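Reader: I am new to this structure and would like to learn how to read it feature by feature. Could you take me through it slowly, giving the general idea before each case?

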Amino acid sequence: MPAILSAWAWGSSDAGEPVTAGLQAQRVSTLLDQLGELVGGDRVIREGAAMAPYLEERRGLFTGHTLAVVLPATTDEVARAVRLCRDADVGIVPQGGNTGLCGGGVPHAGEVVIGLGRLNRIREIDPDNFTITVEAGCILAEVQRAAHEHGRFFPLSLGAEGSCQIGGNLATNAGGINVLRYGNARDLVLGLEVVLPDGDVWEGLNGLRKNNTGYDLKDLFVGAEGTLGIITAAVLKLFPAPAESPTAFVGLSDLSAAVELLARARGASGDAVSSFELLSRTCLELAVRHIPACRNPLAADHDWYVLTAFTGTRAGSGMRDALEDALGSALEDGLISDAVISESEAQSRALWRLREAIVEAQALEGASVKHDVSVKVSQVPAFITTAISRVASVLPDVRPCVFGHIGDGNIHFNLLAPSAMQGEVFLERAGELSRVIYDTVVEMGGSFSAEHGIGLLKLAEMARFKSPVELRLMRTIKQALDPKGLMNPGKVLPQ
Ligand code: FAD
């Protein structure tokens, strides 16, 4: 661990005040000059306003400080920049689109940010192999678009897809709305190119679906949040392009019906359910109240809703009929109370808008405490019911805003301040409320971080819930790859 890191508190909510004085000024100045020579002086950002977008954390939970933001354009430049930082004992924070929700991309004082945005080439599309090779800085939506132009489909899809980068998606093992059918980011990658903490480049860019030749190294870097190396390129899996994707918005008769409805939908569609999202009544009401163009498409209010899509890769594959049949029989059997099926692409988009609007609507409503957790799909109703009752016993008028990818067992169990409580007063209770939720989820064999990762935000939970054996294995891997502890210091692994 470099001496410069002792200046900030592990897991604190502020990444620390500048401690440039604690560094040898000459050494830092030499490093920044060398980085400027490497990537071009204007690609080493040191001025406050220009650095701000790289330091801001979107929820305002952490404040970043950095020596400089370096913007290399090639893998070789990334490797050489890493070597320079290593020789100067300066910590490195890889950063993609900075949309992460756990503070993993927030730099601490005395560290250098390496922004990947200029590594943004699509290197190759091989439609016959159903693969695309992209550089880490490609925006997710552009990868989707490039696949589409070649008649293929890249299924990773999430609310930040217009600004997050594929390197960040892989580093966080992002999930999103299509995991049920296509898997997480980890399931969508075949090969990686990675700059290691010593500046060596691992060239693992193969498009092989079978490759049993020892340890699967790519899995080390996926989900490592930049603590083991910098992903510079990836070979991603593509799929046949969807030809039809009828979408339904469903009012459930009660929460427990969601699991049975999902099982029926999977059977009825030939396992072609691409999304199965849950929304509570509170979430829908927030979206309708705060976001223009959002309205409840059903005649009455329900406590729980599901938004689901069946995806067929052949026009006329009968997906709409299958969806209608599944919902019709669910209605007859009392699992659901009402449903509407989209008749056009525009109507599908309007239904999806209800789901996507929740994040923005929550922010407009006021203070909230967020939890991205998972349990087995079969246990989702029990988890939600138990957690709602337990948080109510801690703070009676707290307003749960529960939604998420129920098809993956992933629930965003968020809490809004009681209507009569000041936001700041509510946030003082955040730790107490979060503890109840994490305890409940772990008690049920679930995960305290389903898809957003650990970063700085969940270091305490890592320490609390991961077994000593798991932590020892992770630390052993970190030590082996990054003995100087310079790659995204202080993230993921608790001290
Ligand atoms: P950043 O935020 O820049 O970085 C995230 C982490 O990855 C950091 O630890 C960083 O150091 C590391 N990193 C970045 N690039 C690299 C690289 N090339 N090599 C090594 N390490 C790297 N997430 C989901 O999983 N599912 C969702 O449905 C979802 N919805 C979201 C909706 C909204 C509106 C927002 C704002 C975020 C959402 N997220 C979601 C979270 C976020 O978008 C994802 O975590 C995304 O994958 C982060 O990508 P990024 O490029 O912004 O990474």
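Author: Gladly, and please keep in mind throughout that this is a predicted model. Let us begin with a helix, whose length can be checked against a simple rule: at 1.5 Å a residue, the 15 residues of helix α12, residues 380-394, should span 21 Å, and because its end C-alpha atoms are 21 Å apart, the expectation and the model agree.

Reader: Which residues of α12 are buried?

Author: The general idea comes first: an α-helix has 3.6 residues a turn, so residues three or four places apart point the same way. In α12 the buried residues are V380, P381, F383, I384, A387 and V391. They cover an arc of only 160 degrees around the axis, and therefore they lie on the same side of α12.

Reader: Let us turn to the ligand. Which residues come nearest to the ligand?

Author: A useful habit is to begin with the surrounding shell and then to look at single contacts. There are 35 residues around the ligand, and of these P94, G96, G97, T99 and G100 come nearest. Sorted by class, the shell holds 11 nonpolar, 21 polar and 3 charged residues.

Reader: Which element gives the most residues to that shell?

Author: Helix α5 gives the most, with 4 residues. More broadly, β3 (92-95), α5 (166-171) and β10 (230-237) each supply at least two residues of the shell around the ligand.

Reader: Where do backbone atoms of the protein lie close to oxygen atoms of the ligand, as in the case of G104?

Author: A backbone N or O atom of G104 lies 3.1 Å from an oxygen atom of the ligand, and for G175 the corresponding distance, again from a backbone N or O atom to a ligand oxygen, is 2.9 Å. A polar backbone atom of G100, one of the residues that come nearest, is 2.7 Å from an oxygen atom of the ligand. As for the ligand as a whole, taken alone it exposes 970 Å², and the protein buries 94% of that.

Reader: I would also like to understand backbone angles. What is the phi of N98?

Author: Here one looks at the sign of the angle together with the residue type. N98 has a positive phi of about 55 degrees although it is not a glycine, and its place is in the loop between β3 and β4 (112-115). V492, which is not a glycine either, has a positive phi of about 70 degrees and is found in the segment after α16 (468-481). With a relative accessibility of 10%, V492 counts as buried, because the cut-off for that word is under 20%.

Reader: How many residues lie between positions along the chain when C164 and N98 are compared, and how far apart are their C-alpha atoms?

Author: The idea is to set separation along the chain beside separation in space. C164 and N98 are 66 residues apart along the chain, while their C-alpha atoms are separated by 6.9 Å. C164 is found in the loop between β7 (152-153) and α5, and at 3% relative accessibility C164 counts as buried. In another such pair, L335 and L255 are 80 residues apart in sequence and 9.4 Å apart in space, C-alpha to C-alpha. L335 lies in the loop between α10 (319-332) and β15 (336-341), and L335 counts as buried at 13% relative accessibility.

Reader: Is T131 buried or exposed?

Author: T131 is buried, with a relative accessible area of 5%. T131 is found in strand β6, residues 131-135, and a polar contact of 3.2 Å joins the side chains of T131 and N129.

Key. Residues numbered from 1 in each chain as written. Heavy atoms only, no water. Expected span 1.5 Å × (residues − 1). Buried < 20%, exposed > 50% of the residue type's maximum accessible area, 1.4 Å probe, protein only. Arc of directions from axis to C-beta. Near = heavy atom within 4 Å. Polar contact = N/O pair within 3.5 Å; in protein donor to acceptor, adjacent residues only side chain to side chain. Areas by Shrake-Rupley, 256 points an atom, 1.4 Å probe, with all protein chains shown as cover. Nonpolar A, V, L, I, M, F, W, Y, C, P; charged D, E, K, R; others polar.
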